[in-house]
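Here is a short note to help you find your way around this model. Keep the 3D view open and follow the points in order.

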Amino acid sequence: MTALRFIRVVAAGGAAVAAAALFTTSDRSRPAPSLRAFRIDAGGLALRAVRSGHGPHVLFLHGYGESLVAWRGVFDAVARHADAIAIDLPGFGLSAKPPSGYATDSLATVVLRTLDALGVAEVVVVGHSLGGAVAVAAAAAAPQRVRGLVLVAPAVIAAPWSQWPRQADSGTVGRLRDAIARYETMRSRFTAPHDPAWLSEDDTALAYDAATDPAYRAALEAVLREFDFASLTPARAAALRMPILLIWGRYDQVVPFGLASRLRQALPAARLQAIERSWHRPHVERPDAVADTILAFLRALDAPEVGRTH
């Protein structure tokens, strides 16, 4: 897939999200939201978070250019049966945006510190795309803390576009990063990290506009420099002995559905659930199907035949 085609593919997804937002966020008759955002100090980094429900702990991690708001269609359904937590990863949403610190393992360390701050000893981690890679890294670093993994189109093995930096000269790489960062900055106008109908925040937070924040643009580029989008090594795969569910949109072209078979070779115990009529963001495009799949996975974890091997 060429750089231009990748940007067109992602742009098409952004246009679909924008169109959906017109129909899903314009209903002013909705009651005031029951959820309220709060801040977490994760080892000196201030992160935005939301938490709701009781039961087994479930942590949601979003993808590149996203925020915790991307999980709104799934979060409430899961929170009816679990202690659901979602965060903005560093560099995204309303979390801190340092100039560096976006390596896969660095973000995984932030996630583990977040669990410490929240008093959560054991958790099921649900991660999409980049967030899926962070979930894998956290699980490999602290397998005793991760009860299960739900990976939604995880960016852990080499998709075609992840190879560009290795194939191109530095000038081309710089232009590619700049193009993606400019696109994602523009896309934030349609996928804003706010939904006042779902999540209550103070006026200062609601006034934040990622599209005009130079720190956000810098963070987007820093992630592309530092993050490893093919981080699943054999050693890391061997450390993942907890139950794993893979969720993939059948029409995904960003992390293509065909990569699922390669990932299952690396993780032979993982179960794959394809989401029909869905692209790279099935939790946004078909949230009911994804929520039902996650809840079935959580129920299976409590079944007697599901044992823990780590």
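1. Please start with the network of salt bridges that links Arg48, Asp88 and Glu201. Keep in mind as you look that this is a predicted model. Within the network, the side chains of arginine 48 and glutamate 201 meet at 3.0 Å, N to O. The two come from distant parts of the chain, 153 residues apart: arginine 48 sits in strand S3 (residues 45-52), while glutamate 201 is in the loop between strand S8 (199-200) and helix H7 (203-206).

2. Are these two partners buried or exposed? Arginine 48 has a relative accessibility of 1%, so it counts as buried. Glutamate 201 counts as buried too, because its value is 10% and the cut-off for buried is under 20%.

3. The structure holds ten salt bridges, and another one worth a visit joins arginine 145 to aspartate 116, with the closest N and O atoms 2.7 Å apart. Aspartate 116 belongs to helix H3 (residues 104-118) and arginine 145 to the loop between helix H4 (130-141) and strand S7 (146-152), so this pair ties together parts that are 29 residues apart in sequence. Arginine 145 is buried, with a relative accessible area of 15%.

4. For a salt bridge in a different setting, turn to glutamate 276 and arginine 250, whose closest N and O atoms are 2.6 Å apart. Both partners lie in loops: glutamate 276 between strand S10 (271-275) and helix H11 (282-285), arginine 250 between strand S9 (244-249) and helix H10 (259-266), so the bridge ties together parts 26 residues apart in sequence. Glutamate 276 counts as partly exposed at 33% relative accessibility, and arginine 250 counts as partly exposed at 34%.

5. Now look at how H3 and H4 pack. Their axes are 8 Å apart and make an angle of about 70°; the two helices are therefore roughly perpendicular to each other. On the H3 side, the contact is made by Thr104, Asp105, Leu107, Ala108, Val111 and Leu112, which meet Leu130, Ala133, Val134, Ala137, Ala138 and Ala141 of H4. What kinds of residue make up this contact? They divide into ten nonpolar, one polar and one charged.

6. Some of the residues in that contact turn up again around arginine 236, which lies in helix H9 (residues 234-238). Beyond its neighbours within four places in sequence, arginine 236 is in contact with Asp105, Val136, Ala137, Ala140 and Ser231. Although arginine 236 and valine 136 are 100 residues apart in sequence, their C-alpha atoms are 8.1 Å apart in space. Arginine 236 counts as buried, at 17% relative accessibility.

7. From there, step to serine 231, in the loop between helix H8 (214-226) and H9. Setting aside neighbours within four places in sequence, its contacts are Thr104, Ala133, Val156 and Arg236. Serine 231 has a relative accessibility of 5%, so it counts as buried.

8. Finally, a check on helix H12 (residues 287-301). How far apart should its ends be? At 1.5 Å a residue, its 15 residues should span 21 Å, and the end C-alpha atoms are indeed 21 Å apart, which agrees. The buried residues in H12 include Val290, Ala291, Thr293, Ile294, Leu295, Phe297, Leu298 and Leu301.

Conventions
Residues are numbered from 1 along each chain as its sequence is written. This is a predicted model: local features need pLDDT of at least 70, side-chain atom pairs count only at pLDDT 80 or more; totals for chains, interfaces and linings use all residues. Side-chain values use heavy atoms; hydrogens and water are left out. Helices (H or I, at least four residues) and strands (E, at least two) are DSSP runs, numbered from the N terminus. The expected span of a helix is 1.5 Å times one less than its number of residues. Buried means under 20% relative accessible area, exposed over 50%, partly exposed in between (1.4 Å probe, protein chains only). A salt bridge is a side-chain nitrogen of Lys or Arg within 4 Å of a carboxyl oxygen of Asp or Glu. Axes are lines fitted to C-alpha atoms, for helices over the stretch in contact, and angles run from 0 to 180 degrees between N-to-C directions. Angles under 35 degrees count as roughly parallel, over 145 as roughly antiparallel, 65 to 115 as roughly perpendicular and the rest as oblique. Contact means heavy atoms within 4.5 Å. Ala, Val, Leu, Ile, Met, Phe, Trp, Tyr, Cys and Pro count as nonpolar, Asp, Glu, Lys and Arg as charged, and the others, Gly among them, as polar.
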